[in-house]
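Student: I have a structure in front of me that is new to me, and I would like to go through it slowly. Could you take my questions one at a time?

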Amino acid sequence: MPIALAFFIHYAYAILFLWVLLEQLGVPIPSIPVLLTAGTLAGTHRLSLSASIASVLLACLIADSMWYSLGRRYGNAVLKLLCRFSFEADTCVSKTEGYFHRRGAVTLLFAKFVPGLSTVAPPIAGQTGLPYHRFLLFDLLGSLIWGAAYLAAGFFFGDIAQRSQRFFTMLGHFAVLIFALMVLGLMFQRVWKQRRFLATVRELRLEPAQLLDMISTAQRQGNIAPFIVDLRHPLDYLPDPRVLPGTVRVSPADLTAHQKLLPRDRDVILYCTCPSEETSAKVALQLHKFGINRVRPLRGGFEGWRDLGYPLVDYIPPPAEEVLTSPETVTNEPVSA
């Protein structure tokens, strides 16, 4: 037996626990290869399947409880920190907030299967005020489903492999190489996907100074100002409910569903609170596919605009039926920074 494989088997439960713990804490290392490997070894009777599941549950319990507590105490600041270390930042916060808004605690049952949701789901659960006992129940069930699914897949593969002595021997010799290739392959896929997305964002985004100039020019010349849309989730309004001058609040789903009502005669500017403008950039790309080309994400989003000292105003909600239909619904006027 290769030394590396013997080492893994000897310390398997500790490795499994630490690896899953680090991933759930936000370190961008995929746990799937480790779970599949442990399951395969359990299928060949080298490891205990129940002990492997227990290691996974303990790791998830510790990490998720910590993020739940931090989310409950610090709210949005924790989410921003997490997303800056996530390879799936384009979906992590906005998608999880949307899931929690629609499904509540049930989100925790499948969050670990969705890239980007696994780590941010616990702090959002804490931020929404979900009781800890309810969080613990759904989180442990979700962790059990997630861990057992990949361990069972590996177990099934290991059970088949040991029926062929030749294949089983070959698998033992190349186990470390296969494991390394799985880890590197998943990490490369995530990095490549994120870099491609960010490259597209850089081509689309609008600088805050440019938007400020567009607003000022429209006011001086009496022209129609850009159509500015706040895509933030209601939870993101809690730290600062103000908006950019001339803004309407529309959810990403509503904006794309009613894309035919968006103005084509002026620029549509989108902003959110995600790092690198992920939500607004994703919505902008979707609208481009519908033929709406004058739509751009605001660089830095809400925080970037605010940190530059540019004007912010209190939001005055327009009539719901007029949000996307009339320029007169944009009732928020600019004030001095």
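The questions and answers below move from the whole chain to its sheet, its helix pairs and two single residues.

Tutor: Before we start, please keep in mind that this is a predicted model, in which local features need pLDDT of at least 70 and side-chain atom pairs count only at pLDDT 80 or more, while totals for chains, interfaces and linings use all residues. Residues are numbered from 1 along each chain as its sequence is written, and side-chain values use heavy atoms, with hydrogens and water left out.

Student: How many helices and strands does the secondary structure of the chain come to?
Tutor: Helices (H or I, at least four residues) and strands (E, at least two) are DSSP runs, numbered from the N terminus. Counted in that way, the secondary structure of the chain comes to 15 helices and four strands.

Student: What percentage of the 337 residues in the chain is buried?
Tutor: A residue is buried under 20% relative accessible area, exposed over 50% and partly exposed in between, with a 1.4 Å probe and protein chains only. By that rule, the buried share of the 337 residues is 48%.

Student: In what order do the strands of the open sheet stand?
Tutor: Two strands pair if DSSP finds at least two bridges between them. E1 and E2 run parallel and are joined by three bridges, E1 (residues 227-230) and E3 pair in the parallel sense over four bridges, and E3 and E4 (residues 295-297) do so over three bridges. The order of this open sheet of four strands is therefore E2-E1-E3-E4.

Student: Which strands stand at the edges of the sheet?
Tutor: An edge strand here has a single partner strand, so one side of it is left without a neighbour in the sheet. The strands in that position are E2 (247-249) and E4.

Student: Which residue in E3 is the bridge partner of Asp230?
Tutor: The pairing can be followed residue by residue, since Phe227 has Val268 as its bridge partner in E3, and Val229 stands opposite Val248 in E2. For Asp230, the bridge partner in E3 is Tyr271.

Student: Are the residues of E3 that point either way from the strand buried or exposed?
Tutor: From E3 (residues 268-271), Val268 and Leu270 point one way, and Ile269 and Tyr271 point the other way. E1 has both faces covered, with Phe227 and Val229 on one side and Ile228 and Asp230 on the other. The four residues of E3 are all buried.

Student: How are H2 and H3 oriented to each other?
Tutor: Two packed helices are described by the angle between their axes and the distance between the axes. Axes are lines fitted to C-alpha atoms, for helices over the stretch in contact, and angles run from 0 to 180 degrees between N-to-C directions. The axes of H2 (residues 12-25) and H3 (residues 32-43) come within 10 Å and cross at roughly 155 degrees. Angles under 35 degrees count as roughly parallel, over 145 as roughly antiparallel, 65 to 115 as roughly perpendicular and the rest as oblique, and H2 and H3 are therefore roughly antiparallel.

Student: What is the angle at which H4 and H8 pack?
Tutor: H4 (residues 49-74) and H8 (residues 117-127) have their axes 6 Å apart. The angle makes H4 oblique to H8, and its value is about 45 degrees.

Student: Where is His45 found?
Tutor: His45 has a positive phi of about 65 degrees although it is not a glycine. His45 is also exposed, with a relative accessible area of 62%. Its place is the loop between H3 and H4.

Student: Which residues is Gln127 in contact with, leaving aside its neighbours within four places in sequence?
Tutor: Gln127 lies in H8 and counts as buried at 15% relative accessibility. Asn76 is 51 residues from Gln127 in sequence, while the two are 7.8 Å apart in space, C-alpha to C-alpha. With contact meaning heavy atoms within 4.5 Å, the residues in contact with Gln127 are Gly71, Arg72, Gly75, Asn76, Leu79 and Leu235.
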